[in-house]
Every structure is written in structure tokens, then in C-alpha cells.
Amino acid sequence: MLATALLLATLAIGPASADAQAIDLARYRMVDLTHPFDGETVYWPTGQSGFTLMSLSRGVTDKGYFYAAEAFQAPEHGGTHMDAPLHFSESGQAAEQIPLEHLIAPLAVLDVTLAAGGNADYEVALTDIVTYEARNGPIRRGSIVVACTGWSSRWPDRMAYLGDDTPGEAGNLHFPSFGAEAVRLLVEQRGVVAIGIDTASIDIGKSSDFPVHRLVARANVPGFENLTGLDKVPAKGALMLALPMMIKGGSGGPLRAVALVPR
Ligand SMILES: [Zn+2]
């Protein structure tokens, strides 16, 4: 009843309240969190292919105007991309089923650059969340939490970025990412709607059983991988827009991710 009364009160205010909620873009700067897709784009080593762009047409037509068009081909999981819950859960949401509220949300950035810089196998731990919240207050329900490891500066050098550049071999990878304990807290206690990382996976490189992937997939929480630009985003206060290609039935897909940062 109270909720209904509040709703009616809000509606009664009319268009003015809608105006009050408009985002004033002049008050934000926009930070691109996306690596461009090209022949250098890093894909998981066991994949059969990478990103390819084929020119269909480029040049001045016989009617005198310029026309360019290409076809592209790529695995879902490479470059800056989303893991849909279906990636690691048979009953998980496919790419087109993920509510937009999981893709556009307040952004919390855990900075683990120092710890990861000295340890390529670093896992974001509970203590990182405790430290974050001591400085910034509790992580709000409905937030997207990303970890900044500093690894995106190594992109697209496969050896530096993945820890191994042997084609077809994923058994010797070393890069930092989330630990399962920290992610369990984020999902179960903080109610985060998505997680993201500036390395190739939301599990550490040397993981072979992918506990973080399985944990978030079960909870219908998508993951964003191979992000960049996180060093230009404050620990709190930004808004993330992470809009992947809407592949029907897809287990993920290429992602354009942006942060709106208050000026
Ligand atoms: Zn993926």
C-alpha cells in the first residue's frame, strides 16, 4: 500500500519529476572501456579463430558516391566482451535475455594494480573489498564491480597479457583476476549485477576449473572481460554502460563499454 501511495504521489508530480531525473551529460566525461577489434585482438588461445574483417566494397560507385561495407567474423569470447550466464550455466540467461539493469548501473572500481603488478597470479581477495569499503563506503546493491589490475597496458602483446603465447595451449596462462571468495561476497551479500576485469578472464589465468565463471553464471550475473581505461575511472561515482551485441541464444558477445564519470 505504501509503495502504491508513493508511486501515485510520484505520478501526480508529472513531467517535472521526469525532467529532474534526466542525465545532464555536460556534467560527465565519457571514458571508453573498450579495446578496438582488429587482427591483433586477443582471443582465448584454444579458439580456432580471431577477429577477421573482410571488405565487401570500398570505393566510388558508378553513380559517383563513395561506399564502404565489410563483413566480420569473430568468436564470442575475445577482445572486450561479455560472458552471458549461459557461458557456464546451462539454464543461465543468453545474451539477449540479460536485463538492461545488469548492463547499465553504478560502477565501483577495485584498484588492485599494486598487488597484481608484483604477482601475475594475483586474485582479488576479500581484503580488497574490505579496503575499498573502508575508503568509499559499502558497495551499493545493483552496482557493477570491476577490478583494475593494470594489465590492459600489456594489450595486445599475448605473451605479456596472457603469460603464454603458445597457440592452442591454455594450460600455462598467468594473469590476475577475481578470487571466488571475493566474488561470492559481491554476488551474495552485495547484490552486484555484473562484474568486470581488465584481463582476459574473470578467473585468474592459471585457473582450470573456473570457479568465478561458474559462481556468477549460476546467479545470472554477467561478466565483462578485456576491459581497458579503468585507470581513468574513480573508485566510485561513475556509471557504466556495457552494451554487448545482442546475439540471440548467445553465450556472450563483443561489447562496447563506456563509463560516465562526474566532472
Ligand atoms: Zn568470455
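This report walks through the fold, the core, a helix pair and some backbone oddities of the structure above.

We're looking at a predicted model, where local features need pLDDT of at least 70, side-chain atom pairs count only at pLDDT 80 or more, and totals for chains, interfaces and linings use all residues. Residues are numbered from 1 along each chain as its sequence is written.

**Overall build**

The protein has seven helices and twelve strands, taken as DSSP runs numbered from the N terminus (helices are H or I of at least four residues, strands E of at least two). Its radius of gyration is 20 Å, close to the 18 Å that the globule rule gives for 263 residues, so the protein is as compact as a globular protein of that length. That radius is taken over C-alpha atoms, and the rule is 2.2 Å times the number of residues to the power 0.38. Along the principal axes, the C-alpha trace spans about 60 × 60 × 40 Å.

Of the 263 residues, 38% count as buried. Here buried means 20 or more other C-beta atoms within 10 Å of a residue's own, exposed means 12 or fewer, and partly exposed is in between, with C-beta atoms placed from the backbone. Contacts (C-beta atoms, placed from the backbone, within 7 Å) reach well along the chain: among those between residues at least 6 apart in sequence, 75% join residues at least 24 apart.

**The core and helix H7**

The largest nonpolar core holds 62 residues, and Val-146, Val-183, Val-192 and Ile-195 touch the most other members. Such a core is a set of buried Ala, Val, Leu, Ile, Met, Phe, Trp, Tyr and Cys residues joined through C-beta atoms within 7 Å. Leaving aside neighbours within four places in sequence, Val-192 is in contact with Ile-139, Ser-143, Ile-144, Val-145, Leu-186, Val-187 and Val-221.

Helix H7 (residues 211–218) buries Val-212, His-213, Leu-215, Val-216 and Ala-217. Those buried residues pack against H6 and against strands S4 (81–83), S8 (177–178), S9 (194–197) and S10 (223–225).

**H4 against H6**

How do the axes of H4 and H6 cross? Helix H4 (residues 126–136) and helix H6 (residues 180–189) have axes that come within 7 Å and cross at roughly 50°. The two helices are therefore oblique to each other. On the H4 side, Leu-126, Asp-128 and Ile-129 make the contact; on the H6 side, Glu-181, Ala-182 and Leu-185 do. By class, that's four nonpolar, no polar and two charged residues.

**Backbone oddities**

Most residues other than glycine have a negative phi, and most peptide bonds are trans. These spots are worth a look:

| Site | Backbone value | Place |
|---|---|---|
| Trp-155 and Pro-156 | cis peptide bond, omega about 0° | Pro-156 in the loop between S7 (144–148) and H5 (158–162) |
| Phe-210 | positive phi of about 50° | loop between S9 and H7 |
| Asn-220 | positive phi of about 55° | loop between H7 and S10 |

Phe-210 counts as partly exposed, with 16 C-beta neighbours inside 10 Å. Asn-220, which comes just after H7, is also partly exposed, with 19 such neighbours.

**An exposed loop residue**

Ser-49 is found in the loop between strand S1 (28–32) and strand S2 (52–60). With 10 C-beta neighbours inside 10 Å, Ser-49 counts as exposed. Not counting residues up to four places away in sequence, Ser-49 touches Gln-73 and Pro-75. The C-alpha atoms of Ser-49 and Pro-75 are separated by 6.9 Å, although the two residues are 26 apart along the chain.

Conventions. Contact = placed C-beta atoms within 7 Å. Axes fitted to C-alpha atoms, helices over the stretch in contact; angles between N-to-C directions. Parallel < 35°, antiparallel > 145°, perpendicular 65-115°, else oblique. Nonpolar A, V, L, I, M, F, W, Y, C, P; charged D, E, K, R; others polar.
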